[in-house]
Amino acid sequence: MTLAHPGPHLADALTIVRLSLHVFAACVWVGGQVTLGGLVGTLRREAPGSLASVARAFARLAWPAYALLIVTGIWNVAAVRASQASSAWSAVFALKMVLVVVAGAGTLAHQRATTPSRRGVAAGVGTLATVAALVLGVALAG
Ligand code: HEM
């Protein structure tokens with residue numbers, strides 16, 4: 001930002017690519033979980049036989065999005081010069097990393113659960129951790 005223009009400014013091209021990829025992956029990972037969660041009742045009623053294959057089809061989209069979040073997240077860390085960050089930024093970043101792990105582990109546990117109650121708890125933990133990671137991501141972006 002120049003002093004002549006202290007107001008809103010456009011991101012440079014590389015920042016647009018980096019953050020767009022990170023946010024796009026977050027949209028697929030988070031939005032897909034919320035949307036599928038909302039559709040599951042209807043699917044169970046109207047087409048119960050399709051539930052397992054729909055879940056597998058979603059997993060084929062969600063896990064590449066999670067991988068893209070990690071790759072672009074590492075790119076983010078490099079781009080924002082995290083080594084010069086304040087201790088508050090570093091603490092929020094560390095908490096976000098814990099939530100990212102919990103989100104992945106919760107989603108994996110959800111996929112592998114053998115009882116409906118475990119499946120539900122794991123889905124809840126995974127989705128909550130993901131949404132919390134998203135909010136902390138917005139805080140990190142300042
Ligand atoms: C569940 C996984 C994740 C979600 C949902 C998520 C979501 C987000 C969101 C929504 C933003 C704000 C982007 C903006 O406002 O422009 C963000 C920023 C950020 N994320 Fe993530 N993220 C995830 C994983 C990661 C990982 C694994 C890392 C590091 C390895 C990471 C590092 C960062 C950093 C450093 C920023 C700030 C970027 C900047 O200021 O330019 N994220 N994240």
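A helix here is a DSSP run of at least four residues in state H or I, a strand is a run of at least two in state E, and both are numbered from the N terminus. With that in hand, let's walk through this predicted model.

**Stop 1: the whole chain**

Start by showing the chain as a cartoon. You should find 4 helices and 0 strands, so named by the rule above. Trace the cartoon from one end to the other and the pattern reads α-α-α-α. Now zoom out until everything fits on the screen. Along the principal axes, the C-alpha atoms fill a box of roughly 60 × 25 × 20 Å.

What share of the 142 residues is buried? The buried ones make up 15% of the chain. And what about contacts that link distant parts of the sequence? Take the contacts with a separation of 6 or more: 72% of them join residues 24 or more positions apart.

**Stop 2: H1 against H2**

Next, select residues 13-46 for H1 and 51-79 for H2, and give each its own colour. The two axes come within 8 Å and cross at roughly 155 degrees. That makes H1 roughly antiparallel to H2, because an angle over 145 degrees counts that way. The crossing is left-handed. Colour the residues in this contact by class and you'll get 18 nonpolar, 5 polar and 2 charged.

**Stop 3: H3 against H4**

Hide that pair and select residues 87-112 for H3 and 116-141 for H4. How do these two helices run relative to each other? Their axes come within 7 Å and cross at roughly 155 degrees. H3 and H4 are therefore roughly antiparallel to each other. Their crossing is left-handed. By class, the contact of H3 with H4 holds 18 nonpolar, 6 polar and 2 charged residues.

**Stop 4: H1 against H4**

Bring H1 back and keep H4 on screen. These axes come within 11 Å and cross at roughly 140 degrees. That makes H1 oblique to H4, because the angle does not get over the 145 degrees needed for roughly antiparallel. H1 passes H4 in a left-handed crossing.

Now show side chains where the two meet. On the H1 side, pick Ala 26, Trp 29, Val 30, Gln 33 and Gly 37. On the H4 side, pick Ala 123, Thr 127, Thr 130, Val 131 and Leu 134. Sorted by class, the H1–H4 contact has 6 nonpolar, 4 polar and no charged residues. Keep Ala 26 selected for the next stop.

**Stop 5: around the ligand**

Turn the ligand on as sticks. How many residues surround the ligand? There are 22, and the closest are Ala 26, Gly 73, Asn 76, Gly 137 and Ala 141. The elements giving two or more residues to this shell are H1, H2, H3 and H4. Which helix gives the most? H4 does, with 7 residues. Colour the shell by class and you'll see 17 nonpolar, 5 polar and no charged residues.

**Stop 6: Arg 81**

Leave the ligand and jump to the loop between H2 and H3, where you'll find Arg 81. Is Arg 81 buried or exposed? With 8 C-beta neighbours inside 10 Å, Arg 81 counts as exposed, because 12 or fewer is the cut-off. Check the backbone angles here too. Most residues other than glycine have a negative phi. Arg 81 has a positive phi, near 50 degrees.

**Stop 7: Trp 89**

Move along to Trp 89, which sits in helix H3. Trp 89 has 15 C-beta neighbours inside 10 Å, so it counts as partly exposed. Try the distance tool between the C-alpha atoms of Trp 89 and Arg 44: they are 43 Å apart in space, and the two residues are 45 apart in sequence.

**Stop 8: Ala 113**

Finish at Ala 113, in the loop between H3 and H4. Ala 113 is partly exposed, with 15 other C-beta atoms within 10 Å. Which residues does Ala 113 contact, leaving aside its neighbours within four places in sequence? Select Arg 118, Arg 119 and Ala 122 to see them. For a last distance, go from Ala 113 to Thr 130, which is 17 residues away along the chain: their C-alpha atoms are separated by 19 Å. You met Thr 130 earlier, on the H4 side of the contact with H1.

Definitions and conventions:
Residues numbered from 1 in each chain as written. Predicted model: local features only at pLDDT ≥ 70, side-chain atom pairs only at ≥ 80, totals over all residues. Near = placed C-beta within 6 Å. Nonpolar A, V, L, I, M, F, W, Y, C, P; charged D, E, K, R; others polar. Buried ≥ 20, exposed ≤ 12 C-beta atoms within 10 Å, placed from the backbone. Contact = placed C-beta atoms within 7 Å. Axes fitted to C-alpha atoms, helices over the stretch in contact; angles between N-to-C directions. Parallel < 35°, antiparallel > 145°, perpendicular 65-115°, else oblique. Left-handed = near helix turned anticlockwise from the far one by under 90°.
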